[in-house]
Amino acid sequence: MNAMKNIRNNPAFRQMDPKKQQMVELLMNSLSGKQLNEVLPIITNWKNKMDQEGLTFTQAENMLLTEIFTSQMSPAQKSQYELIKQFMKKN
């Protein structure tokens, strides 16, 4: 997976705790090939797992996550993602 290789080379990813790296890779694999309307439940479940494990991300790590989500999106999908991101902030 080319996107996975790019993420692994990202300085923010390399500096993450190994458990966070695993969670990011899990999320990337879970989202692979999914339509935008399918990702909300996946992201919600992933976020719940992160909360259960007491894992949080730094600002740089959050920027990396945003890069992961948006790297393969069309402009219309990026717009939809921004709406989803706002929803996630409220929860």
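Reader: Which residues of the largest nonpolar core touch the most other members?

Author: In this predicted model, the largest nonpolar core has 24 residues, and Ile7, Val24, Trp46, Phe57, Leu64 and Ile68 touch the most other members. At least two residues of this core are supplied by each of α2 (11-14), α3, α4, α5 (59-70) and α6 (75-90), and the largest share, 6 residues, comes from α4.

Reader: What makes isoleucine 7 a contact of residues beyond its neighbours within four places in sequence, and which are they?

Author: Contact means heavy atoms within 4.5 Å, and, with those neighbours left aside, isoleucine 7 is in contact with Phe13, Val24, Met28, Leu64, Glu67 and Ile68.

Reader: How do you know that the span of helix α4 agrees with its number of residues?

Author: The 17 residues of α4, residues 36-52, should span 24 Å at 1.5 Å a residue, and because its end C-alpha atoms are 25 Å apart, the two values agree. For α3, residues 18-31, the 14 residues should span 20 Å, and its end C-alpha atoms are 20 Å apart, which agrees as well.

Reader: Why are some residues of α4 called buried, and which are they?

Author: A residue is called buried because its relative accessible area is under 20%, and in α4 the residues that meet this cut-off are Leu36, Val39, Ile42, Ile43, Trp46 and Met50.

Reader: What is found at the start of α3, and what just after α3?

Author: At the start, a side-chain oxygen of aspartate 17 comes to within 2.8 Å of the backbone nitrogen of lysine 19, and just after the helix, glycine 33 has a positive phi of about 80 degrees.

Methods
Residues are numbered from 1 along each chain as its sequence is written. This is a predicted model: local features need pLDDT of at least 70, side-chain atom pairs count only at pLDDT 80 or more; totals for chains, interfaces and linings use all residues. Side-chain values use heavy atoms; hydrogens and water are left out. Helices (H or I, at least four residues) and strands (E, at least two) are DSSP runs, numbered from the N terminus. The expected span of a helix is 1.5 Å times one less than its number of residues. A polar contact is a pair of N or O atoms within 3.5 Å; within protein, one must be able to donate a hydrogen and the other to accept it, and residues adjacent in sequence count only if both atoms are side-chain atoms. Buried means under 20% relative accessible area, exposed over 50%, partly exposed in between (1.4 Å probe, protein chains only). A nonpolar core is a set of buried Ala, Val, Leu, Ile, Met, Phe, Trp, Tyr and Cys residues joined through side-chain atoms within 4.5 Å.
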